[in-house]
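Here are my comments on the model you sent, set out as numbered points. I have kept to what can be read from the coordinates, and I begin with a pair of charged residues before turning to the fold as a whole.

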Amino acid sequence: MSHYVFRPAEEHEVPAVFELIMARVRWMDEVGIRQWNVTDYAGCYPPAHYEAARQRGDLFVLTDDSGIVACAVLRRDDERWPEAMQSAEPAFYLHHLATRVGAKGAGRIFLQMAEEYALRQGKTRFRLDSADDNEFLTHYYASRGYVPAGECVDGPYTGILRQKRI
């Protein structure tokens with residue numbers, strides 16, 4: 001059984017984080033999912049985006065004995081969410097969650113550990129969004145206790161805002 005560690009990413013890991021995300025984009029092409037792979041994800045979120053997140057302390061990784069198996073950005077605010085909701089309760093906002101292709105359960109473990117981290121940081125909500133046409137993620141997040149809280153549009157992306165009381 002793997003021993004997982006959830007922690008802030010280190011500077012030398014940013015290229016590996018970006019490659020993990022690009023591997024997931026290629027996987028989306030292979031399996032016919034239309035999401036990151038049709039929105040110029042690498043152009044919108046180049047390596048400098050993840051380095052800036054790391055410098056703010058917002059880039060996190062989940063590692064096991066083989067290296068990074070999942071990554072995401074945990075923001076303290078999010079322009080996709082209405083200001084009134086952001087100021088109502090302290091929350092983390094999850095973005096760019098990606099797992100290494102073939103790392104079964106890594107996303108669930110990352111999400112669980114990120115929620116536990118949020119609680120330790122005094123947060124009462126954990127928020128994220130997912131594409132409105134991704135039925136798999138709709139069911140997945142619902143099964144993890146996330147409820148719809150609105151909609152968002154960002155260029156060609158239309159998403160469902162989801163939150164969970166932690």
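**Notes on the predicted model**

1. Arg-144 and Glu-115 are both buried, and I start with them in this predicted model. Their side chains meet in a salt bridge, with an N to O distance of 3.9 Å. Since Arg-144 sits in the loop between α6 (135-143) and β6 (147-154) while Glu-115 belongs to helix α5 (residues 106-120), the pair ties together parts that are 29 residues apart in sequence. The distance deserves a careful reading, because the cut-off for a salt bridge is 4 Å and the value for Arg-144 and Glu-115 is 3.9 Å.

2. The structure holds 14 salt bridges, and a second one to look at joins the side chains of Glu-51 and Arg-54 at 2.6 Å, N to O. Both residues belong to helix α3 (residues 47-56), where they are three residues apart, or about one turn of the helix. Are these two partners buried or exposed? Glu-51 is buried, because its relative accessible area of 18% falls under the 20% limit, and Arg-54 is likewise counted as buried at 19%. Both values should be read against that limit of 20%.

3. A third salt bridge pairs the side chains of Arg-7 and Glu-10, with 3.8 Å from N to O. Here Glu-10 is counted as partly exposed, because its relative accessibility is 38%, and the range for that class runs between 20% and 50%. As general background, side chains of opposite charge can pair when their charged atoms come close.

4. On the overall fold, the secondary structure of the protein chain comes to six helices and seven strands, which follow one another from the N terminus in the order β-α-α-α-β-β-α-β-α-β-α-β-β. The chain is as compact as a globular protein of its length, because its radius of gyration of 15 Å is close to the 15 Å that the globule rule gives for 166 residues. Along the principal axes, the C-alpha atoms fill a box of roughly 40 × 35 × 30 Å.

5. Buried residues make up 48% of the 166 residues in the chain. The accessible surface comes to about 8600 Å², and 53% of this area belongs to carbon and sulfur atoms. Among the contacts between residues at least 6 apart in sequence, 66% join residues that are at least 24 apart.

6. Which residues touch the most other members of the largest nonpolar core? In this core of 22 residues they are Phe-6, Leu-62, Leu-74, Leu-94, Phe-110, Leu-111 and Phe-126. At least two residues of the core come from each of β2 (59-64), β3 (67-75), β4 (91-99), α5, β5 (125-131) and α6, and α5 gives the most, with seven residues.

7. Leu-94 shows how such a core residue is surrounded: leaving aside neighbours within four places in sequence, Leu-94 is in contact with Ala-72, Val-73, Leu-74, Phe-110, Leu-111, Phe-126, Arg-127 and Leu-128. There is also a second, separate core of 20 residues, which includes Val-14, Met-22, Ala-53 and Ala-98.

8. His-96 lies in strand β4 and is buried, with a relative accessible area of 9%. What does the side chain of His-96 make polar contacts with? One partner is the side chain of Tyr-41, at 2.5 Å, and another is the side chain of His-49, at 3.0 Å. Beyond four places in sequence, the contacts of His-96 include Ile-21, Trp-36, Tyr-45, Tyr-50 and Cys-71. The C-alpha atoms of His-96 and Met-22 are separated by 11 Å, although the two residues are 74 residues apart along the chain.

9. Gln-163, found in strand β7 (residues 157-165), is buried as well, with a relative accessible area of 10%. The side chain of Gln-163 makes a polar contact with that of Arg-127 at 2.8 Å. Outside the four nearest places in sequence, Gln-163 is in contact with residues including Trp-81, Met-85, Phe-126, Tyr-146 and Val-147.

Definitions and conventions
Residues numbered from 1 in each chain as written. Predicted model: local features only at pLDDT ≥ 70, side-chain atom pairs only at ≥ 80, totals over all residues. Heavy atoms only, no water. Buried < 20%, exposed > 50% of the residue type's maximum accessible area, 1.4 Å probe, protein only. Helix = DSSP H or I, 4+ residues; strand = E, 2+ residues; numbered from the N terminus. Core = buried A, V, L, I, M, F, W, Y, C linked by side-chain atoms within 4.5 Å. Contact = heavy atoms within 4.5 Å. Rg over C-alpha atoms; globule rule 2.2 N^0.38 Å. Areas by Shrake-Rupley, 256 points an atom, 1.4 Å probe, with all protein chains shown as cover. Polar contact = N/O pair within 3.5 Å; in protein donor to acceptor, adjacent residues only side chain to side chain.
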